Amino acid sequence: MGAVFLFADEAGDFNFSRQPGASKYYILCTVATGDCSIGQDMLMLKRRLAWQGEPIRDFFHCTYDKQRVRDAVYERIARHDFSIQATIMEKSKAQPQTRTTEDRFYQYGWLYHLRHSSNRFLAAKDSLMVTAATIGKAAKRVSFEDAVKDVCRQIVPRERLRTAFWPSQTDPCLQLADYCTWAIQRKWERQDTRSYDLIAKKINYEYELWEHGTVHHY
């Protein structure tokens, strides 16, 4: 019996159309680790890069970081022991009843993600702390958080479960999840595997939810 820390991020949007700028996929990504030492290492890396005069923001964010900063982060995190899980949803294949609201679709994704990936990082009687990056505006944030809590309680008993919802800038392990999510999204949306190849060995679950679906609903 041990403890697992799970850090979660997402990529894509809730725009269910083929309008320019709408993502093709919605991706849920989690990073599982037995301790959070990688977070301390990322803080040390941030300080070192700042000392070297690199263009460091106040926190790591893969979308906006310069490529040489990304390279340094990917090189550093490769030294650590953690695993990555990702569920990929091609949005046009989502049946209308699964996307009546944004939080319903979000919960649907989380349910399938944890139900099928948790055996890759969670043993019987393990305790689990799930920390998810906050999403959505404040008015809708509670419904997203409730969706995650509800799913997690179906996987782990309440007494062995803790959940937290924090902005990515407050926790370097959430920034780790952001980097992993970004790499996976680039692979699926753009067929760009440059960053994905750097973390591929850490991925123990990557599943396209509707891979065998043939019906597109828009």
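Where does Gln191 lie? Gln191 is found in the loop between α5 and α6, in a naming scheme where helices (H or I, at least four residues) and strands (E, at least two) are DSSP runs numbered from the N terminus. The model is a predicted one, in which local features need pLDDT of at least 70 and side-chain atom pairs count only at pLDDT 80 or more, while totals for chains, interfaces and linings use all residues. Residues are numbered from 1 along each chain as its sequence is written, and side-chain values use heavy atoms, with hydrogens and water left out.

Gln191 has a positive phi, near 55°, although this residue is not a glycine, and with a relative accessible area of 62% Gln191 is exposed; here buried means under 20% relative accessible area, exposed over 50%, and partly exposed in between, with a 1.4 Å probe and protein chains only. Lys125, also a residue other than glycine, has a positive phi of about 70°. Lys125 sits in the loop between α3 and β4 and counts as exposed, because its relative accessibility is 58%.

The strands form an open sheet of 6 with mixed pairing, in the order β5-β4-β1-β2-β3-β6, where two strands pair if DSSP finds at least two bridges between them. At its edges are β5 (161-166) and β6 (203-208), each of which pairs on one side only, and neighbouring strands are turned by 15° against each other on average, direction ignored. Strand β4 (residues 127-133) runs parallel to β5 and is joined to it by 6 bridges, and Val130 has Thr163 of β5 as its bridge partner. Helix α4 (residues 138-155) packs on the sheet and touches β4 and β5, its direction making about 160° with that of β5; axes are lines fitted to C-alpha atoms, for helices over the stretch in contact, and angles run from 0 to 180 degrees between N-to-C directions.

From the sheet we turn to the interior. In soluble globular proteins, nonpolar side chains tend to be buried together. The largest nonpolar core, a set of buried Ala, Val, Leu, Ile, Met, Phe, Trp, Tyr and Cys residues joined through side-chain atoms within 4.5 Å, has 35 residues, and those with the most contacts inside it are Ile77, Ile84, Ile184 and Ile199. The elements giving two or more residues to this core include β1 (3-11), β2 (25-33), α1 (37-51) and α5 (172-190), and α5 gives the most, with 10 residues. Apart from this core lies another, of 31 residues, among them Tyr106, Val151, Leu161 and Trp210. Leaving aside neighbours within four places in sequence, Ile184 is in contact (heavy atoms within 4.5 Å) with residues including Ile27, Cys29, Ile84 and Ala86.

The axes of α1 and α5 come within 8 Å and cross at roughly 85°, and these two helices are therefore roughly perpendicular to each other, a label given to angles of 65 to 115 degrees, whereas those under 35 count as roughly parallel, those over 145 as roughly antiparallel and the rest as oblique. Their contact is made by Ile38, Gly39, Met42 and Leu43 of α1 and by Pro172, Cys173, Gln175 and Leu176 of α5.

Finally, Ser117 lies in helix α3 (residues 102-117) and is buried, with a relative accessible area of 0%. Apart from neighbours within four places in sequence, Ser117 is in contact with Gln85 and Tyr205.
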